Amino acid sequence: MNENPTYTEAFEELQQIVTEIESGQITVDELSEKVKRATALIKICKLKLTTTEADINLILKDIETSGGKREETK
Amino acid sequence: MNKLNHYAHSGHCYPELVEKKDGKVIALMKAMLWKNDFYRIDQRFHKILKEPIKDGINILFCASISFDPMHGLSLRIIDIDPVFSLGELEREKQETIERLKREGIYDQNRKVAMAMLPQRIAVISVETSKGYSDYLKILEHNPWGYTFFNFLFPSLLQSERAIPSIINQLKRIKKVIHHFDAVAIIRGGGGDVGLSSFNNYELAREIALFPLPVITGIGHSTNETVVEMVSFKNAITPTELADYLIQMFHNFSVPVKKAEEFITERSLRILKDERLKFHNTMKYFKSVTQHQLSKNHNNIAGLTSALTQQAKFQLLQSDQNIDRNRQHILKFTPLVIQYRRQRTSEIVNRFLKQTADFIMAQQQSVQQVEKHVNFLNPENILKRGFSITLDQHGKAIKDSAKLNAGDTITTILASGKVVSKIEDVLNHRDDE
């Protein structure tokens, strides 16, 4: 299981769990595991909504670096 | 009109007029536009075209031609028809649209996949513009706590110079494209002026071909520009653009919330159902076991009573058997003893008789032997006249040869003994 999914992956996995539960494919044995996973995924999704990992310094550095490269290749 | 050549200091303009054919200049002439005339014309352009009078447009103008021996032939523009230029601008716009369509890139940006959460936005705007600050305010104060990351790529958004400025920033964004989910072009507060640059082919092309979704919030009330047409989404105003992004977050967050509710509700129900099922099974199990237990209990009780009865019956029967046997023994034992006693006395009698017979026979044979022995007794023989002669050693003499004259011999008779001295010994052979 992907422990660090993107929100798209997390969202899709969450939807899949919902579908599984909906169709009654889940036994009580799996239920706890699935609910645990779903909780983690929901947490990830909610976290993604309210935080961002973007790093301004990194972007600025990247703009400069790739700019430099571009000049070199000219 | 190729170049307006407006001198801000004097306020006069010296437009450069050209006529082109197949991209080549075939005629060129300088003109003059005095300050007052320019001011009036510019006002009317703003009113009708929503654009200032600018370089590179076709114009229909009224001019006076004068000749000065010093300065030569000159053309003084008195008026320019804004309606004609309006048509020209519209024609330019249509040309851009058709060209993009012809090249198959008109819908290109709309085909780009939009991230599920467009969170990291590369903003092309003017830092101090009202539109940008409105946009930021809405995003930053959204009541759901959604977090956005905006990175400003400052650019001019008005006048002809907006075109290279925006294109340049798009190029910069491309270099760091992996940091972003979407590009937002935000203008605002500038009114409806200077929008014709957004109909420019080069700019529209850059946007149509941009690898990230481009969202526009250019903020005006006139017709949609080509840039807006080719963009992924035209939100029209900066605030609506912000709302659109928030809506995207909603689109993601609402299903998550629904999923959460659904999973909670359904899980609880599954647990409840299972508990009920378990409870029922337990109940059934209990009843079945109890039934089985009581059944076995009854069986054991039945077997116990049967065993007791059977044992009693067996004991009774054995008792009777023993009794019968005792009587039998009592009845038959004396008979057997009597019979045995008879047999024993018979045997004893026979034994006694046989013994007596044997003794008598033995006595007879002893008597006979006695007779015979008596017959042989030397005394009896001696009585009949025979005698026994013994030598000096007391031994019976049977051969005369062993005797010598002079020896003393003893003769035993039936009554008495005679001791003699041998006078002569005659050999046996001599007798013969």
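This is a tour of a predicted model with two chains, A and B, taken one selection at a time.

**Chain A.** Start by selecting chain A on its own. Its secondary structure amounts to 3 helices and 0 strands, and from the N terminus the elements follow the order α-α-α. Of its 74 residues, 22% are buried.

**Chain B as a whole.** Switch to chain B, which has 432 residues, 25% of them buried. Coloured by secondary structure, chain B shows 9 helices and 12 strands. Among contacts in chain B with a separation of 6 or more, 63% are between residues 24 or more positions apart.

**Helix 1 of chain B.** Select residues 35-49 of chain B. This helix has 15 residues and spans 20 Å from its first C-alpha to its last, close to the 21 Å expected at 1.5 Å a residue. Show the side chains of B:Phe38, B:Ile41, B:Asp42, B:Phe45 and B:Leu49, which are the buried residues of helix 1. These buried residues lie on the same side of helix 1 of chain B, because they cover an arc of only 105° around the axis. An α-helix has 3.6 residues a turn, so residues three or four places apart point the same way. Now add strand 4 (72-80) and helix 2 (82-102) of chain B, which are included in what covers the buried residues of helix 1. Turn to the other side of helix 1 of chain B to find B:Asn36, B:Tyr39 and B:Lys47, which are exposed. Before leaving, click on B:Lys50: just after helix 1 of chain B, this residue takes a positive phi of about 60°.

**The parallel sheet.** Next, select strands 5 to 9 of chain B. These 5 strands make an open sheet with parallel pairing, in the order 6-5-7-8-9. Strand 6 (149-154) and strand 9 (233-234) of chain B are at the edges; each has a single partner strand, so one side of each lacks a neighbour in the sheet. Then display helix 7 (residues 238-376) of chain B, which packs on the sheet and touches strand 7, strand 8 (214-217) and strand 9 of chain B. The direction of helix 7 makes about 140° with that of strand 8 of chain B. Within the sheet, zoom in on strand 5 (residues 120-125) and strand 7 (residues 182-186) of chain B, which run parallel and are joined by 4 bridges. One residue to pick here is B:Ile121, whose bridge partner in strand 7 of chain B is B:Ala182.

**The antiparallel sheet.** Move to strands 10, 11 and 12 of chain B, an open sheet of 3 strands in the order 10-11-12 with antiparallel pairing. Strand 10 (388-390) and strand 12 (417-421) of chain B are the edge strands, each pairing on one side only. From one strand to the next, the twist averages 25°. Strand 10 and strand 11 (residues 408-412) of chain B run antiparallel and are joined by 3 bridges. Label B:Leu390 and its bridge partner in strand 11 of chain B, B:Thr410.

**Where the chains meet.** Finally, show both chains and select the residues in contact: 26 from chain B and 27 from chain A. Which elements of chain B each supply at least two residues of the side that touches chain A? They are strand 6, helix 4 (162-175) and helix 7 of chain B. Helix 7 of chain B gives the largest share of this side, 12 residues. Coloured by class, the side of chain B that touches chain A has 14 nonpolar, 6 polar and 6 charged residues.

How values were computed:
Residues are numbered from 1 along each chain as its sequence is written. Chains are lettered from A and ligands numbered from 1 in the order in which they are written. This is a predicted model: local features need pLDDT of at least 70, side-chain atom pairs count only at pLDDT 80 or more; totals for chains, interfaces and linings use all residues. The expected span of a helix is 1.5 Å times one less than its number of residues. A residue is buried if 20 or more other C-beta atoms lie within 10 Å of its own, exposed if 12 or fewer, and partly exposed in between; C-beta atoms are placed from the backbone. The arc is that of the directions from the helix axis to the C-beta atoms. Two residues are in contact if their C-beta atoms, placed from the backbone, lie within 7 Å. Two strands pair if DSSP finds at least two bridges between them. Axes are lines fitted to C-alpha atoms, for helices over the stretch in contact, and angles run from 0 to 180 degrees between N-to-C directions. Ala, Val, Leu, Ile, Met, Phe, Trp, Tyr, Cys and Pro count as nonpolar, Asp, Glu, Lys and Arg as charged, and the others, Gly among them, as polar.
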